[in-house]
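Trainee: Got a minute to go through a model with me? I'd like to start with how its helices meet.
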Amino acid sequence: MKKYLAALICGFGAGVLQIVPLVKSFSCCMILPLAASISLLLDQRATRNFGKIPMKKALLFGLFTGLFAALFGSVFELLITFITKNNDVIASFTDLQRIVQNLPLSEEIKKEVLNIFQSVREDILKNGFSILYTFSVILNNFIVNSIFGSVGGLVGAQIINSRLSNQSNGK
């Protein structure tokens with residue numbers, strides 16, 4: 001575990017930022033890749049190894065940063081939903097209804113989708129918890145964060161390695 005402490009720290013930070021209302025819009029495309037890159041820099045400083053970062057290591061650090069961010073982000077999102085009995089599904093339910101009605105689907109499918117959203121909404125308003133919402137948040141966070149964390153680790157390693165190359169060439 002000590003080996004991936006930098007990924008844990010950066011994943012925690014990214015997980016916290018995932019639930020901040022305005023910032024969460026940027027979590028997958030900016031925050032996660034940046035957190036994965038920072039985890040590589042933190043690891044370099046902790047191990048005092050400032051050499052080239054292998055792509056395998058970058059991929060693993062990005063993946064673990066994304067997984068930790070998914071874990072913490074999911075826990076915080078579900079905890080806040082449980083306590084407040086409110087979330088984005090509740091706040092934008094009328095917009096969701098309008099979007100579903102405008103989809104080019106049969107009326108039967110539209111009705112079923114709206115019933116599912118209505119069920120999730122009622123569960124959250126009544127209990128602060130919905131098994132379907134919980135499952136979708138966890139699944140979404142783990143898939144998306146793993147992908148963007150891995151990409152961020154690879155891109156971050158490329159940037160760090162190119163800086164090392166430029167420094168060693170005297171530029």
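Mentor: Sure, one term to begin with: contact means heavy atoms within 4.5 Å. This is a predicted model, where local features need pLDDT of at least 70, side-chain atom pairs count only at pLDDT 80 or more, and totals for chains, interfaces and linings use all residues. Residues are numbered from 1 along each chain as its sequence is written, and side-chain values use heavy atoms, with hydrogens and water left out.

Trainee: OK, which residues in α2 meet α7?
Mentor: Among them are Cys28, Leu32, Ala36, Leu40 and Gln44. On the α7 side they meet residues including Val144, Phe148, Gly152 and Ile160.

Trainee: And at what angle do α2 and α7 pack?
Mentor: About 50°, with their axes 7 Å apart; axes are lines fitted to C-alpha atoms, for helices over the stretch in contact, and angles run from 0 to 180 degrees between N-to-C directions. The two helices are therefore oblique to each other, as angles under 35 degrees count as roughly parallel, over 145 as roughly antiparallel, 65 to 115 as roughly perpendicular and the rest as oblique.

Trainee: Switching topic, is Gln44 buried or exposed?
Mentor: Gln44 counts as buried, because its relative accessibility is 7%; buried means under 20% relative accessible area, exposed over 50%, partly exposed in between (1.4 Å probe, protein chains only).

Trainee: What is Gln44 in contact with, leaving aside neighbours within four places in sequence?
Mentor: Asn49, Phe50, Gly51, Ile53 and Ile160.

Trainee: What follows α2?
Mentor: Arg48, and its phi is positive, near 55°.

Terms used:
Helices (H or I, at least four residues) and strands (E, at least two) are DSSP runs, numbered from the N terminus.
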